[in-house]
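Me: I am new to this structure and would like a close look at a single part of it, the largest pocket. Please take me through what surrounds that pocket, and then set it beside the rest of the chain.

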Amino acid sequence: MTLLLDPPTWPARGTVWSHLVSDRSFEELHDFARRCGLPESGFHRDHYDVPEARYAEVLAAGAQPVTSRELVARITAAGLRRRKPRT
């Protein structure tokens with residue numbers, strides 16, 4: 001299992017957010033998110049948004065801390081990166 005979590009540096013909706021991804025499969029990602037109690041509504045294309053207040057808890061549950069660049073590089077290399085559609 002390789003779950004990756006970048007630091008909480010993304011401001012939105014009154015808090016700061018991290019991104020949780022798997023570099024193996026979306027099934028692994030969704031299973032881990034359910035075990036952590038992350039809401040399905042927090043899933044966006046290829047990651048779950050994790051509020052700063054839950055960062056340490058998700059790391060303690062088994063996610064690996066990585067930089068945002070490493071997170072993107074690893075899910076891209078795994079073929080799991082889903083970009084926003086261009087308008």
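Reply: Helix H3 is a good place to begin, since the largest share of the lining of the largest pocket, four residues, comes from H3. Please keep in mind throughout that this is a predicted model. Helix H3 spans 68-77, and together with strand S3 (15-22) and strand S5 (47-51) it belongs to the elements that each supply at least two residues of the lining.

The pocket itself has a volume of about 260 Å³, and 15 residues line it. Those that lie nearest its centre are His 19, Arg 45, Asp 46, His 47 and Arg 81. Sorted by class, the lining holds six charged residues, five nonpolar ones and four polar ones.

Among the residues nearest the centre of the pocket, Arg 45 deserves a separate look. Arg 45 is found in the loop between strand S4 (43-44) and S5, and its phi is near 60 degrees, a positive value in a residue that is not glycine. With a relative accessibility of 30%, Arg 45 counts as partly exposed, because this value falls between the limits of 20% for buried and 50% for exposed.

Arg 13 also has a positive phi, of about 50 degrees, although it is not a glycine. Arg 13 is placed in the loop between strand S2 (10-12) and S3. Its relative accessible area is 65%, so Arg 13 is exposed.

Thr 2, in the segment before strand S1 (3-5), is by contrast buried, at 11% relative accessibility. Leaving aside residues up to four places away in sequence, Thr 2 touches Val 21, Ser 22, Asp 23, Arg 24, Glu 28, Gln 64 and Arg 74.

From the pocket we can turn to the nonpolar interior. In soluble globular proteins, nonpolar side chains tend to be buried together. Here the largest nonpolar core has 20 residues, and the ones that touch the most other members are Leu 5, Leu 20, Phe 32, Leu 38, Val 58 and Ala 63. Two or more residues of this core come from each of S1, S3, helix H1 (26-36), S5, helix H2 (55-60) and H3, and the largest share, five residues, is given by H1.

Set side by side, the two regions draw on some shared elements: S3, S5 and H3 supply at least two residues each to the pocket lining, and S3, S5 and H3 are also among the elements that give two or more residues to the core.

Note on methods. Residues numbered from 1 in each chain as written. Predicted model: local features only at pLDDT ≥ 70, side-chain atom pairs only at ≥ 80, totals over all residues. Heavy atoms only, no water. 1 Å grid on protein atoms, 1.4 Å probe; cavity = no way out; pocket = protein on both sides within 12 Å on 5 of 7 lines; lining within 4 Å. Points joined across faces, edges and corners; volume = space filled by probe spheres on them. Nonpolar A, V, L, I, M, F, W, Y, C, P; charged D, E, K, R; others polar. Buried < 20%, exposed > 50% of the residue type's maximum accessible area, 1.4 Å probe, protein only. Contact = heavy atoms within 4.5 Å. Core = buried A, V, L, I, M, F, W, Y, C linked by side-chain atoms within 4.5 Å.
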